[in-house]
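Dear colleague,

Please find the structure below, handed over for your reading. A summary of what was found in it follows.

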Amino acid sequence: MPPFEEETSARTPEEPGPPDPAGAGPASRADAGAGEGAGAGADAGAPAPAAAPGGAKASRHGRTLLLVAVSLGFVIALLSSSIKNTLTAFYVSMTEDFGVSRGTFAIAPSAFMLTYAIASPVMGFVADRFGARKSLAGGLVLGGVLFLAGGLTESFAVFTLVYGVGLAVSYTAVSYVPLGVLVDEMFPPHRRGLTYAILMNGTAVGFIALLPLWIHLDEGTVWRSVFQWLGVTLLVVTVLALLLLPKEPSAAAEAGGGAAPERKSSAGMLSEVLGSRVFWTVSLAFFGCGVTMAFVDVHLVAHLDHIGLGGSVAGTTVALLGAAEIVGALIAGYYCDRGHGLKVLAGSYLVRSLSLVVLMAAPTALAANVFGLLFGITYLGTVVASSMYLINSLDARAKGLALGLMWFIHQIGAFVASEGGGISYDTLRSYDPVVVGSAVIALVSTVIVAVWLPKALRAARDGAGDSSGGGPAGGGRAEAAAER
């Protein structure tokens, strides 16, 4: 790997040592800890004890539990995507059912964006303090109850509160932030990127399977039945989350992360995050992710309908987007774990900007499908790479808070695009201004990452070299470790 890539890595390196066969890392060594201890005893002249018959079984049992937890996390991410993609698919039907204009109806998703922004750091703090399991279970219960309520209400004002406030809090508690904390609790640093990408691919499957299904079902008030079935499903999954998700961080994660960090006060955690230059650089670029994601999540289907491409093209486009999202997330996780976070992040923003230019250039089915492929390949690339920079760079109990604050900035951008799209359509009968604006902002995010992130990483490294502690600069030594 070139030296520059080493400096801008989004991973946390392990201590140097002989290479492990078959790619085994710290987690493998942690699993084999008892065997290593026995070998050390033999060197000292003591007889090596026979391997405990239950040791292999315990190791296999632990791996099975991790697999079950990851699978359930994937399902939770899949269901969490329904909170947003139902509104995308049923946007026009809902406006007609409630008897409001598209601009007025945009108040509900716009309120969702703002509530999500405010709730993200709160839920990040909750996940840091109480663990991902409790955060996820609480969000699932809230989401189940509110889906049932949303499917029954006849008042747009009540629906705005249910969806724009209540379901936004639920989504915050079951999506990117607590799932990132869950990955941090279960896995060592060199396996977090790919694992997080696998979990986030639940949202991609939502695009591939659920969103086209909703579009196919879209007729009259069928959205109410969908809401009610989703409510029941979330309540069932709550029980599974409480039974199957780990209550404590895994031994492999603790072995990979070193000694457990001291628990800081709320003020200390906030100072840790806000003093990090890496946090600010990644998060400011992430504003562009929020703008572009909101266009897809709220207005894409309506835009394709407006330019005359219809439901079949929209269904194909979102299916292609979801399929590309799966591939893009896995690629991003793989390369982030190997120290190429900068390339993943800058490349994702650049390709995303290009995809919006393609969509704007020609109102054809081909252009829409190309847009879906290009945007999809970047959809989770920005999320995975940005999250890994924060998860692997902060050494205090503030990773959830950092992710939450990053998503706060993301959702400010999402609010701008959500409300801007509704206003644009009501005043100009066109979504073109928000498409062009999103392309420009994605390009600005590319520049921020390419120009400022390497400088932020080098400043963190130099600051760590000049200081014996984290200090006000926030996570100095950990950030330096993350970039080498």
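**A nonpolar patch and a nonpolar core**

Helix 11 (192–217) and helix 16 (310–337) each contribute at least two residues to a nonpolar patch; helices (H or I, at least four residues) are DSSP runs numbered from the N terminus. This is a predicted model, in which local features need pLDDT of at least 70 and side-chain atom pairs count only at pLDDT 80 or more, while totals for chains, interfaces and linings use all residues. Residues are numbered from 1 along each chain as its sequence is written, and side-chain values use heavy atoms, with hydrogens and water left out.

The patch lies on the surface and consists of L194, I198, V327, L330, I331, Y334, Y335 and I377, with about 620 Å² of accessible area together (Shrake-Rupley method, 1.4 Å probe, only the protein chains shown counting as cover for residues). Patch residues have over 30% relative accessible area and no salt bridge (a side-chain nitrogen of Lys or Arg within 4 Å of a carboxyl oxygen of Asp or Glu), and nonpolar side chains are joined within 5 Å. Helix 16 gives the most, five residues. L194, in helix 11, counts as partly exposed because its relative accessibility is 31%, between the limits for buried (under 20%) and exposed (over 50%).

The largest nonpolar core (buried Ala, Val, Leu, Ile, Met, Phe, Trp, Tyr and Cys joined through side-chain atoms within 4.5 Å) has 123 residues, and Y176 is among those touching the most other members. Its largest share, 16 residues, comes from helix 15 (residues 277–306).

Overall, the protein has 22 helices and zero strands.

With kind regards

Key: Buried means under 20% relative accessible area, exposed over 50%, partly exposed in between (1.4 Å probe, protein chains only). Patches are made of residues with over 30% relative accessible area and no salt bridge: like charges are joined within 9 Å, nonpolar side chains (Val, Leu, Ile, Met, Phe, Trp, Tyr) within 5 Å.
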